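User: I am new to this structure and would like a quick tour. Can we go through it by question and answer?

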Amino acid sequence: MGTFNADKLALVKYSGRILGSLFLYPPSSGGNREIISFIASHNWICDWPERNKSIDRYASHLTSNLEYQGETRDTAYTRLFMGPGKLTVPPWGSVWLDKDCVNFGHSTCELRSWMDVKGIAYPRQDAEPEDHLGLLLLLGSWLADQDDETGLSELMSFHLLPWAFHYLHSLTLYADHPFYSSLSALTNETLRLWQTGNPVPVRNRKVYFSVRESRSNG
């Protein structure tokens with residue numbers, strides 16, 4: 001269909017694989033150890049297929065924040081993505097889009113139905129909901145690698161972008177760890193580049209979850 005140009009598909013394929021892995025897996029996992037070693041190189045962002053000044057700035061922050069001597073990245077990952085207890089900024093779409101702010105809500109069912117129609121098998125055998133931001137970024141990378149421009153456009157407009165910017169903005173503010181604040185800011189700006197050129201409008205959906213309200217009610 002020719003929705004995205006070659007550079008845009010290359011950006012989604014490349015950035016989705018790196019960013020998705022950093023959100024989905026602990027920093028000490030084998031793949032992320034390699035990615036973090038790569039990020040430690042101060043010119044790593046030069047391989048980003050499409051960039052702007054904001055991306056360069058956030059990438060520089062991400063590299064410099066590898067030297068942070070406070071809470072370890074693995075401890076921060078556990079706190080932000082696993083618990084125990086209620087997560088301050090939940091990484092699942094249905095928590096943001098369902099009026100009851102729960103996992104496996106209506107938007108998750110919609111995503112599952114879409115994946116079934118597309119013939120996309122759920123890649124994980126654990127209980128992780130399919131609408132985890134990291135999984136959706138990795139799925140976008142895979143669709144770009146398959147040159148499935150229609151699928152990529154639908155994923156972005158219907159299942160990812162209606163909530164991702166809200167999540168990433170909140171994580172930037174409330175992560176309380178410079179590595180994950182920088183990662184979320186970089187991902188936010190990168191997704192804005194993903195969005196350019198997509199002919200399918202982002203579905204207008206109400207976002208129910210509020211970090212401030214959740215913290216005040218916690």
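**Cysteines, rings and empty space**

Analyst: Cys101 has a relative accessible area of 28%, so Cys101 counts as partly exposed. Keep in mind that this is a predicted model.

User: Where is Cys101 found?
Analyst: Take the helices on either side. Cys101 is not placed in a helix here but in a loop. That loop is the one between helix 5 and helix 6.

User: Which cysteine sulfur is nearest to that of Cys101, and how far away is it?
Analyst: A disulfide needs two cysteine sulfur atoms within 2.5 Å. Cys101 is in no disulfide. The nearest cysteine sulfur belongs to Cys109, and the distance is 16 Å.

User: How many disulfides does the structure hold?
Analyst: A disulfide is a covalent bond between the sulfur atoms of two cysteines. The count for this structure is zero.

User: Is Cys46 buried, partly exposed or exposed?
Analyst: Partly exposed covers the range between 20% and 50% relative accessible area. Cys46 has 48% relative accessibility, so Cys46 is partly exposed.

User: What is the phi of Cys101?
Analyst: Most residues other than glycine have a negative phi. Cys101 is a residue other than glycine, yet its phi is positive. The value is near 55 degrees.

User: What is the phi of Asp147, and is Asp147 buried or exposed?
Analyst: Asp147 lies in the loop between helix 7 (133-145) and helix 8. Its phi is positive, near 55 degrees, in a residue other than glycine. At 56% relative accessibility, Asp147 is exposed.

User: Which two residues does a cis peptide bond join?
Analyst: Most peptide bonds are trans. Here, a bond with omega of about 10 degrees is cis. Its proline, Pro84, lies in the loop between helix 4 and helix 5. The cis bond joins Gly83 and Pro84.

User: How many aromatic pairs does a search of the whole structure find?
Analyst: A pair of aromatic rings is described by the distance of the centres and the angle of the planes. The search of the whole structure gives a count of eleven.

User: What kind of aromatic pair do Trp96 and Tyr167 form?
Analyst: Their centres are 6.1 Å apart, with 85 degrees between the planes. Planes over 60 degrees apart count as edge-to-face. Trp96 and Tyr167 are both buried. The pair is edge-to-face.

User: How many residues apart in sequence are the parts that this pair ties together?
Analyst: Trp96 belongs to helix 5 (residues 93-97), and Tyr167 to helix 8 (residues 149-174). The pair therefore ties together parts of the chain that are apart in sequence by 71 residues.

User: Which residues do ring pairs link into a cluster?
Analyst: Trp96 and Tyr167 both belong to the cluster. Ring pairs link them with Phe23, Tyr77, Phe81, Trp163, Phe179, Tyr180 and Phe209.

User: Over which rings do Arg73 and Arg192 lie?
Analyst: The cut-off for a charge over a ring is 6 Å from the ring centre. The charged end of Arg73 is 5.7 Å from the ring centre of Phe179. Arg192 is at 4.2 Å from its ring centre, over the face of Phe165. The rings are those of Phe179 for Arg73 and Phe165 for Arg192.

User: Which element gives the most to the lining of the largest pocket?
Analyst: The largest pocket has a volume of about 310 Å³. Its lining counts 20 residues, with Leu87, Pro90, Trp92, Val95 and Asn103 nearest the centre. Two elements give two or more residues: helix 4 (73-82) and helix 10 (211-217). With three residues, the most comes from helix 4.

User: How many nonpolar, polar and charged residues are in the lining of the largest pocket?
Analyst: Sorting the lining by class gives three groups. The counts are eleven nonpolar, five polar and four charged.

User: How much space lies in the largest cavity?
Analyst: The structure has one cavity of 30 Å³ or more. Its lining includes Gly93, Asp131, Phe158 and Arg205. Helix 5, helix 6 (106-118) and helix 8 each supply at least two lining residues. The space is about 50 Å³.

User: Is Lys206 buried or exposed?
Analyst: Lys206 lies in the loop between helix 9 (178-195) and helix 10. Its relative accessibility is 57%, so Lys206 counts as exposed.

Note on methods
Residues are numbered from 1 along each chain as its sequence is written. This is a predicted model: local features need pLDDT of at least 70, side-chain atom pairs count only at pLDDT 80 or more; totals for chains, interfaces and linings use all residues. Side-chain values use heavy atoms; hydrogens and water are left out. On a 1 Å grid over the protein atoms alone, a cavity is a set of points where a 1.4 Å probe fits but cannot get out, and a pocket is an open set with protein on both sides within 12 Å along at least five of seven lines; lining residues have an atom within 4 Å of a point. Grid points are joined across faces, edges and corners, and a volume is the space filled by probe spheres set on the points. Helices (H or I, at least four residues) and strands (E, at least two) are DSSP runs, numbered from the N terminus. Ala, Val, Leu, Ile, Met, Phe, Trp, Tyr, Cys and Pro count as nonpolar, Asp, Glu, Lys and Arg as charged, and the others, Gly among them, as polar. Rings of Phe, Tyr and Trp (its six-membered ring) pair if their centres lie within 6.5 Å; planes under 30 degrees apart count as stacked, over 60 as edge-to-face and the rest as tilted. Buried means under 20% relative accessible area, exposed over 50%, partly exposed in between (1.4 Å probe, protein chains only). A charge sits over a ring if NZ of Lys or CZ of Arg is within 6 Å of the ring centre and within 35 degrees of the ring normal.
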